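Please open the structure in your viewer and keep the selection tool at hand, since each stop on this tour begins with something to pick out.

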Amino acid sequence: MIVPLFVAAILNTFCPSVLRIGSYSQSLISNDGLRVMMFLTLLFTGTQMRVSDIPESLKRGGSHVLFKYLAGAGVYLLILHYFGYKGMFGTCSLAILCALTNNNSSLYMGLVQSYGDHADLVARPIFNFNSGPMLSLLTIGISGNNGVGWQEYVTILLPLCIGIILSTIDNQIKIATKHGIAIILPVMGFILGSNIDLSKIIVSGFGGVFLFIMVLIVTGPVALIVDRVLLKRPGYGGMATVSVAGNTVAVPAMIGQLVPNFSGYVKLATVQISCAAVLSAILCPFIVQWFAKRFGCPKYEENFGKSKIEMEA
């Protein structure tokens, strides 16, 4: 999603007319085009979930989602109260909200496949609950923002529920739409980038770095405590949840469509989250590897060549 976003942003910065040739092109990069992509993203997210998956994943996945959300939402509410929508150190509150209440479930899946066990893998579906705008939108409602009505929650939940129902009725739908999000996200990234002028927000570069650092500082200790204290696990699984997902790049636009107070910060938040997502993809695997090697993991010998006892000796 990030590569097409920046390609479109470069085109929009230097030759914006190229993106707006003809009615089809203009419709694609309009707000209506973005809404269609949002609906499809939520629908395909739902098709990868089944009601029967939820109980199995609640113990591990549910614990991480709940406590990460509480920590992230709490920090966001404090920043919003004291610093307002502009946020702090050049990082807007909308970017902080989206990054702290979402995580990269695909990155988690890849990491626990390398280091974890079956229970780690079945926790994956529950992370769909914080892989979109639902929890971020819920937090905005809790903060007392009058711009969020019940209809907005229905807008988010309806396609998700339709997807869950369809995949529960027919497993072939789940198989057919398995790569649906992978197809939609690059298109959505291009749409978002086509409305970004890099010359106006290039000064926000540090904001993305600060955002990634904030994710580590705020959600890292929480994830580690949940994994080691509550779940009695080594810690690698918890640290695999400390990330910013590429699809989180789309969340500010979703919120901006529904909550007008945030609309002026959508472009800035999009770029800052993109930067944090890139840093997550690069650094998170090294962090998880360190924890797996230091505290152990089910596939320790497979990854490090010796048993943990031999390594310590």
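Select Cys284 first in this predicted model: with a relative accessible area of 2%, Cys284 counts as buried, because the cut-off for buried is under 20%. Now add Cys275, which has a relative accessible area of 25% and is therefore partly exposed. If you wonder how many disulfides there are, a search of the whole structure finds 0.

Next, select helix 16, residues 266–295, and keep it coloured while you look at the interior. The largest nonpolar core has 74 residues, and helix 16 gives the most to this core, with 10 residues. Within the core, the residues with the most contacts are Leu94, Tyr115, Met188, Leu192, Met214, Ile255 and Val288. In soluble globular proteins, nonpolar side chains tend to be buried together.

From that list, select Tyr115 and display what surrounds it. Once neighbours within four places in sequence are set aside, the contacts of Tyr115 include Tyr236, Val288, Ala292, Cys297, Pro298 and Phe304, and Gln289, Lys299 and Asn303 are also among them.

Then turn to the surface and select Phe39, Val154, Leu158, Ile162 and Leu166, which form a nonpolar patch with about 390 Å² of accessible area together. Which helix gives the most to the nonpolar patch? It is helix 9, residues 150–169, with 4 residues. Val154 lies in this helix, and Val154 counts as partly exposed because its relative accessibility is 38%.

Two loops come next. Most residues other than glycine have a negative phi, and most peptide bonds are trans. Select Phe89, in the loop between helix 4 (53–83) and helix 5 (93–100), where phi has a positive value near 50 degrees; Phe89 is exposed, with a relative accessible area of 58%. Then move to Lys232, in the loop between helix 13 (205–230) and helix 14 (236–239), which is not a glycine and yet has a positive phi of about 60 degrees. Is Lys232 buried or exposed? Its relative accessibility is 66%, so Lys232 counts as exposed.

Finally, select the whole protein chain, where you can trace 18 helices and 0 strands. Of its 313 residues, 50% are buried, while the chain exposes about 14,400 Å², with carbon and sulfur atoms supplying 67% of that area. Among contacts between residues at least 6 apart in sequence, 80% join residues at least 24 apart.

Technical notes. Residues are numbered from 1 along each chain as its sequence is written. This is a predicted model: local features need pLDDT of at least 70, side-chain atom pairs count only at pLDDT 80 or more; totals for chains, interfaces and linings use all residues. Side-chain values use heavy atoms; hydrogens and water are left out. Patches are made of residues with over 30% relative accessible area and no salt bridge: like charges are joined within 9 Å, nonpolar side chains (Val, Leu, Ile, Met, Phe, Trp, Tyr) within 5 Å. Accessible areas come from the Shrake-Rupley method with a 1.4 Å probe; for residues, only the protein chains shown count as cover. A salt bridge is a side-chain nitrogen of Lys or Arg within 4 Å of a carboxyl oxygen of Asp or Glu. Buried means under 20% relative accessible area, exposed over 50%, partly exposed in between (1.4 Å probe, protein chains only). A nonpolar core is a set of buried Ala, Val, Leu, Ile, Met, Phe, Trp, Tyr and Cys residues joined through side-chain atoms within 4.5 Å. Contact means heavy atoms within 4.5 Å. A disulfide is a pair of cysteine sulfur atoms within 2.5 Å.
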